[in-house]
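Biologist: I am new to this structure. Please pick a single part and take me through it closely. Then place it in its surroundings.

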Amino acid sequence: MDARPKDIFGTFARIEMLTWALLIAGIIARETIGLAPSLFTVVGATHGLAFMGYAVSAVLVGVNQRWSFGKTALAVLLAIVPFATYPYDRYLEKRSMLEGEWRIEGTKDPRDNSWFDRLFRWFIFRPVLLVLVLIVFVVSLFMFLIWLGPPYQWGS
């Protein structure tokens, strides 16, 4: 992969933050000037895709960087908080937790021998296939969520 883990994570953190701004602006426009529901749906869907893309990239980078489960889960959960992904990116950057390349080769580290780590490296070594699998996953999840409807209707 040409893009390093920190590039991928930082890009998705910024995109997710930007789509939060668009979503909030869309909510304000809908409530004050009567933004067309179809336009609001586009804004909401854009944010949903950005959210899922960020979550996938956070897990991928977290696994690559060997973050703890808690740190990786926090990265994903911070996408729920408006504008929190970029400050977390800066936090990780200052602590050099985004440094390094993709782990495409095993090392003497015993963790590199787990089936999960071998599968991870296999996919990282094949970035086109990895991206295609992730796109299929995100689009499938997105379509399922569209089928479910808006979150405020899930309990109804």
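Modeller: A salt bridge is a side-chain nitrogen of Lys or Arg within 4 Å of a carboxyl oxygen of Asp or Glu. Buried means under 20% relative accessible area. Keep both cut-offs in mind. One more point before we start: this is a predicted model.

The part to look at is Glu16. Glu16 sits in helix 1, which covers residues 5-32. Is Glu16 buried or exposed? Glu16 is buried, and yet it has no salt bridge. Which side chain of opposite charge is nearest to Glu16? That is Arg14, and it is 12 Å away. A salt bridge needs a nitrogen within 4 Å of the carboxyl oxygen, so a partner at 12 Å does not qualify.

What does Glu16 have instead? The side chains of Glu16 and Thr85 are joined by a polar contact of 3.4 Å. Thr85 also appears among the residues that Glu16 touches. The others are His47, Ala50, Phe51, Tyr54 and Ala79, once residues up to four places away in sequence are set aside. One of these neighbours, Tyr54, belongs to an aromatic cluster with Phe9 and Trp67.

Thr85 leads us on. Helix 4 covers residues 85-94. Before it comes a loop, which follows helix 3 (69-77) and contains Phe83. Phe83 is not a glycine, but its phi is positive, at about 65°. Most residues other than glycine have a negative phi. Phe83 counts as partly exposed, at 36% relative accessibility. Beyond helix 4, a second residue has a positive phi. Ser96 lies in the loop between helix 4 and helix 5. The phi of Ser96 is about 55°, and Ser96 is not a glycine either. Ser96 is partly exposed, with a relative accessible area of 48%.

Now compare Glu16 with acidic residues that do have charged partners. The structure holds nine salt bridges. One of them pairs Lys6 with Glu93, with the closest N and O atoms 3.2 Å apart. Lys6 is in helix 1 and Glu93 in helix 4, so this pair ties together parts that are 87 residues apart in sequence. Glu93 counts as partly exposed, at 23% relative accessibility.

Another salt bridge joins Asp89 and Arg90. Their closest N and O atoms are 2.8 Å apart. Asp89 is buried, with a relative accessible area of 1%. Arg90 is partly exposed, at 29%. These pairs do not stand alone. Salt bridges that share partners join Lys6, Asp89, Arg90, Glu93 and Glu99 into one network. Asp89 and Glu16 make a useful pair to view side by side: Asp89 is buried and has a salt bridge, whereas Glu16 is buried without one.

Helix 1 gives a further contrast. Arg30 forms a salt bridge with Glu31, with the closest N and O atoms 3.0 Å apart. Arg30 is partly exposed, at 33%. Glu31 is exposed, at 57%.

Look at one more buried acid. Asp117 lies in helix 5 (residues 115-124). Asp117 is buried, with a relative accessible area of 4%. What is Asp117 in contact with, leaving aside its neighbours within four places in sequence? The contacts are Arg66, Arg103, Arg111 and Asp112. For Glu16, the nearest side chain of opposite charge is 12 Å away.

Next to Asp117 in helix 5 are two aromatic residues. The ring centres of Trp115 and Phe116 are 5.9 Å apart and the planes are at 90°, so the pair is edge-to-face. Trp115 is exposed, with a relative accessible area of 61%. Phe116 is partly exposed, at 40%. The count of aromatic pairs comes to six.

Finally, step back to the whole chain. The chain has six helices and zero strands. Its C-alpha atoms fill a box of roughly 60 × 35 × 30 Å along the principal axes. Of its 156 residues, 34% count as buried, and Glu16 is one of the buried residues. Among contacts with a separation of 6 or more, 65% join residues 24 or more positions apart. The accessible surface comes to about 9600 Å². Carbon and sulfur atoms make up 72% of that surface.

Conventions: Residues are numbered from 1 along each chain as its sequence is written. This is a predicted model: local features need pLDDT of at least 70, side-chain atom pairs count only at pLDDT 80 or more; totals for chains, interfaces and linings use all residues. Side-chain values use heavy atoms; hydrogens and water are left out. Rings of Phe, Tyr and Trp (its six-membered ring) pair if their centres lie within 6.5 Å; planes under 30 degrees apart count as stacked, over 60 as edge-to-face and the rest as tilted. Buried means under 20% relative accessible area, exposed over 50%, partly exposed in between (1.4 Å probe, protein chains only). Helices (H or I, at least four residues) and strands (E, at least two) are DSSP runs, numbered from the N terminus. Contact means heavy atoms within 4.5 Å. Lys and Arg count as positive and Asp and Glu as negative; His and the chain ends are not counted. A polar contact is a pair of N or O atoms within 3.5 Å; within protein, one must be able to donate a hydrogen and the other to accept it, and residues adjacent in sequence count only if both atoms are side-chain atoms. Accessible areas come from the Shrake-Rupley method with a 1.4 Å probe; for residues, only the protein chains shown count as cover.
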